[in-house]
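Student: I am new to this structure. Can we go through it step by step?
Tutor: Yes. Ask about one place at a time.

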Amino acid sequence: MNEVLKAIKDRYSCRDFTGNPITKEQMETLVEAALAAPSAINKQPWNIIMCTDKALIDELNDAGMEIISADEDKSTYNRIMERGGKMFYNAPGMLVALSDDSRWATMDCGILIENVALAAQSLGLGNVICAMMGIPLNGPKGDEFKKRLKFPEGYQFCIAILVGEAKSGKEPHELDKNKVIYV
């Protein structure tokens with residue numbers, strides 16, 4: 001099996017990181033994979049933030065956990081607590097995709113993040129695509145976090161991916177071939 005198909009087949013959502021830092025080379029490879037993503041009309045409606053500041057990631061985690069713990073619907077909070085109590089799973093790296101407000105920006109950022117997920121898998125890094133980054137960014141400290149993350153003017157959070165050394169493994173989800181219609 002070729003390496004791309006192997007990365008696609010073997011990738012799973014890692015929710016248990018060791019916390020060990022990723023290397024500069026790994027970080028640069030992930031950034032290059034992000035920047036290589038295709039986009040509608042090649043507009044590249046994104047900016048990316050590669051954050052390896054573990055203290056800042058932990059602060060974002062704590063702020064997000066505080067917000068979801070106050071939610072009446074405890075299902076998200078309880079699920080995270082069952083998985084170790086950390087919204088960002090002790091990840092040492094986070095690539096954040098920001099989008100402008102153009103028509104296809106959300107889809108284009110999704111493609112960008114998938115590139116990063118497959119690149120991380122090919123490097124032996126655990127990863128999980130993470131929309132929950134929006135929770136602390138939209139919370140009471142959101143403006144402070146955006147400033148510390150150096151959000152450029154005119155861009156908003158779209159999606160993120162957490163990356164790092166996996167603490168434990170997991171099988172990828174089973175393929176549901178009932179979801180396919182052949183015409």
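Student: Is Lys6 buried, partly exposed or exposed?
Tutor: This is a predicted model, so the values are computed from predicted positions. Buried means under 20% relative accessible area, and exposed means over 50%. Lys6 has 39%, so Lys6 is partly exposed.

Student: Which residue forms a salt bridge with Lys6?
Tutor: Look in helix 1 (residues 3-10), four residues from Lys6, about one turn of the helix. The residue there is partly exposed, with a relative accessible area of 26%. The closest N and O atoms of the pair are 2.6 Å apart, and the partner is Asp10.

Student: How many salt bridges does a search of the whole structure find?
Tutor: A salt bridge needs a side-chain nitrogen of Lys or Arg within 4 Å of a carboxyl oxygen of Asp or Glu. The pair of Asp10 and Lys6 qualifies at 2.6 Å. For the whole structure, the search finds four.

Student: Which side chain meets Glu59 in a salt bridge?
Tutor: The N to O distance is 2.8 Å, and the partner of Glu59 is Arg148. The pair links distant parts of the chain: Glu59 is in helix 3 and Arg148 in helix 7, 89 residues apart. Glu59 is partly exposed at 31% relative accessibility. At 34%, so is Arg148.

Student: Which residues are joined into one network by salt bridges that share partners?
Tutor: Glu144 and Arg148 meet in a salt bridge at 3.4 Å, N to O. Both lie in helix 7, four residues apart, about one turn of the helix. Shared partners make one network of Glu59, Glu144 and Arg148.

Student: How far apart are the end C-alpha atoms of helix 3?
Tutor: Helix 3 covers residues 54-69, which is 16 residues. At 1.5 Å a residue, the expected span is 22 Å. The model agrees, because the end C-alpha atoms are 22 Å apart.

Student: Which residue caps the N-terminal end of helix 3?
Tutor: Look for a side-chain oxygen by the backbone nitrogen of Ala55. The two atoms lie 3.2 Å apart. The capping residue is Asp53.

Student: Which elements do the buried residues of helix 3 pack against?
Tutor: The buried residues include Leu56, Ile57, Leu60 and Ile68. Two strands and three helices take part. They are strand 1 (46-51), strand 2, helix 4 (75-82), helix 6 (134-137) and helix 7 (142-148).

Student: What separates the C-alpha atoms of Gly139 and Ala63?
Tutor: Gly139 is found in the loop between helix 6 and helix 7. At 19% relative accessibility, Gly139 counts as buried. Ala63 is among the buried residues of helix 3. The two are 76 residues apart along the chain, yet their C-alpha atoms are separated by 7.8 Å.

Student: Where is Asp100, and how far away is the nearest side chain of opposite charge?
Tutor: Asp100 is in the loop between strand 2 (93-99) and helix 5 (105-122). Its side chain makes a polar contact with the side chain of Ser102 at 2.6 Å. Asp100 is buried yet has no salt bridge. The nearest side chain of opposite charge is Lys43, at 7.8 Å.

Student: What is the relative accessible area of Trp46?
Tutor: Trp46 is in strand 1. Its contacts beyond four places in sequence include Leu35, Leu98, Leu112 and Tyr155. Trp46 is buried, and its relative accessible area is 6%.

Student: Which backbone nitrogen lies 2.8 Å from a polar atom of the side chain of Gln26?
Tutor: Gln26 lies in helix 2 (residues 24-35). Gln26 is buried, with a relative accessible area of 18%. Beyond four places in sequence, Gln26 touches Leu123 and Leu125. The backbone nitrogen belongs to Thr23.

Student: Which residue in strand 4 stands opposite Ile129?
Tutor: Four of the five residues of strand 3 (residues 126-130) are buried, so strand 3 is largely enclosed by the rest of the structure. Five bridges join strand 3 to strand 4 (residues 156-164), and the two run antiparallel. The residue opposite Ile129 is Ile161.

Conventions
Residues are numbered from 1 along each chain as its sequence is written. This is a predicted model: local features need pLDDT of at least 70, side-chain atom pairs count only at pLDDT 80 or more; totals for chains, interfaces and linings use all residues. Side-chain values use heavy atoms; hydrogens and water are left out. Buried means under 20% relative accessible area, exposed over 50%, partly exposed in between (1.4 Å probe, protein chains only). Lys and Arg count as positive and Asp and Glu as negative; His and the chain ends are not counted. A polar contact is a pair of N or O atoms within 3.5 Å; within protein, one must be able to donate a hydrogen and the other to accept it, and residues adjacent in sequence count only if both atoms are side-chain atoms. The expected span of a helix is 1.5 Å times one less than its number of residues. Contact means heavy atoms within 4.5 Å. Two strands pair if DSSP finds at least two bridges between them.
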